[in-house]
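Here are a few exercises to work through with the model open beside you. Try each task before reading its solution.

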Amino acid sequence: MKIIIIGCGKIGLSLVKQLTTEGHIVTVVDKNPERLKIALSNLDVMSVSGDGTSSATLRSAGIEDADLMVAVMDSDEMNLLCCVIGQKVSKCKTIARVRNPIYNSEIEFLKNELGISLIFNPEMAAADEIARIFNFPYATKIDVFSNRKVEMVHFRIRLDSQLSKLHIYDIKGKHKCNVLVCTVTRGDKTIIPNGDFVLEEGDRVGIVGARQDINDFFKQYGVGSKKVPDAMIVGGGKIGYFLAKKLIESGIKVKIVEADRSRCEFLAEALPEADIINGDGTDKNLLMEEGLGNASGFAALTSIDEENILLSLFATDHVKVKTVTKINRINFDEVIERLDLDSIINPNKVSNDLIIQFIRSVEYTKDSNIENYRKIGDDEAEAMEFIVKEGSDVVDIPLMELKKKKDVLICCITRDKKIIIPGGHDVIQVGDRVVIVHTTSDINNIDDILE
């Protein structure tokens, strides 16, 4: 696809890198020519220096022939205006980043009235992920499918776990757990395992199922699955605010430590149920005085990655607590991995996944629509959800007879309200929602899973 990115900040640049690896033709527009030169020096993309809200600039960038335009400038209003102008001079689809909480209740109205295809809020999307983790603290990451009916929970097998040395076929066969192990990351390699695969301590495992079945699985193997009763958040910015609101709504007690006094006043007014502490979140004595030693959940959400890493390591060293660390830069992901942090959230990556999911759903409409898409297993594997349409080659054939490509696993079938963890005798029907995991690079619709 021909895609125009308006704005070459952190999210814009991260998105450009992702889209170029996907094989799209990308043009980047930004007011700052020096920023374009430095940021795009090693990328095979075109650039245009100019105002993204100018129709002349958009025409110079090729808007009339573009398939998609993504506006990720600093201003929400400029992003919305850019999308409106883009649609006036072309027929391309448009995506806008809108971050101000005041627009949260207006998103559907803005999409419908302005004709914008997708509006996303990186901070709210990141807060959603963290909230899911605190509601399921053994997980390092949780992906949701089938309108949140199906979950893919990622976790690490810890020392002396009952899961260590376990054959995968025993999970459903001997122990009758209605979940499916879909990925195992061991070292730097992500594997789609078969039933003979033996789990080991240190493996990072992804399982799929309904939430209650996943809870039952963890109880079966002596793993806690109850949500944290309380959480401490360091950093009261947008993510901290959205997260606190979601945790309070789910019955979790929240304490926020924020250095800026005026921000604390806003938080105290907006979140009367939360305890707001005006202080330096990097002061370890303050954290302990405010109850870190008794906390069940801890989220490091300051604007500085290094601070967040140190805060989470300090929390882990001093108390048994579920930690989530916000990291914006992923240049040193291999180093960060060795630090053995609990759960890591990258808002840019969350946003990229949303946009890639949308692009793929637009691109590929042969026999099924991509409804959901996530990179998993250190980005070595993909989880994809399809709605199966008439004419698909996978319909009404027992799964044991489907000639699937290597390293493709059918994880789950949702039919009406029924969630099916499939076996060899199950079949896919028209209208089903099907979740697959694969490590190949050419799955664009459901029929692509076949050889």
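Helices (H or I, at least four residues) and strands (E, at least two) are DSSP runs, numbered from the N terminus. This is a predicted model, in which local features need pLDDT of at least 70 and side-chain atom pairs count only at pLDDT 80 or more, while totals for chains, interfaces and linings use all residues. Residues are numbered from 1 along each chain as its sequence is written, and side-chain values use heavy atoms, with hydrogens and water left out.

**Exercise 1. The overall fold**

Task: Work out whether the chain is as compact as a globular protein of its length.

Solution: Start with the secondary structure, which comes to 14 helices and 22 strands. Next, take the radius of gyration over C-alpha atoms, and the globule rule as 2.2 Å times the number of residues to the power 0.38. For 451 residues the rule gives 22 Å, and the chain has 23 Å, which is close, so the chain is as compact as a globular protein of that length. Finally, look at the extent: the C-alpha trace spans about 65 × 65 × 40 Å along its principal axes.

**Exercise 2. Burial and contacts**

Task: Find what percentage of the residues is buried, and what percentage of the contacts joins residues at least 24 apart.

Solution: First set the cut-offs: buried means under 20% relative accessible area, exposed over 50%, and partly exposed in between (1.4 Å probe, protein chains only). By this count, 53% of the 451 residues are buried. Then turn to contacts (heavy atoms within 4.5 Å). Among those between residues at least 6 apart in sequence, 60% join residues at least 24 apart.

**Exercise 3. Helix α9**

Task: Check the length of α9 (residues 238-249) against its expected span.

Solution: The expected span is 1.5 Å times one less than the number of residues. For the 12 residues of α9 this gives 16 Å, and the end C-alpha atoms are 17 Å apart, which agrees. Now look along the helix: Ile239, Gly240, Tyr241, Phe242, Leu243, Ala244 and Leu247 are buried. After α9 comes Gly251, with a positive phi near 90°.

**Exercise 4. Two loop residues**

Task: Locate Asn147 and Lys165, and decide from relative accessibility how each one counts.

Solution: Asn147 sits in the loop between β7 (141-145) and β8 (150-156). Its phi is positive, about 55°, although Asn147 is not a glycine. With 58% relative accessibility, Asn147 counts as exposed. Lys165 belongs to the loop between β8 and α7 (168-172). Lys165 is a residue other than glycine with a positive phi, near 70°. At 61% relative accessibility, Lys165 counts as exposed.
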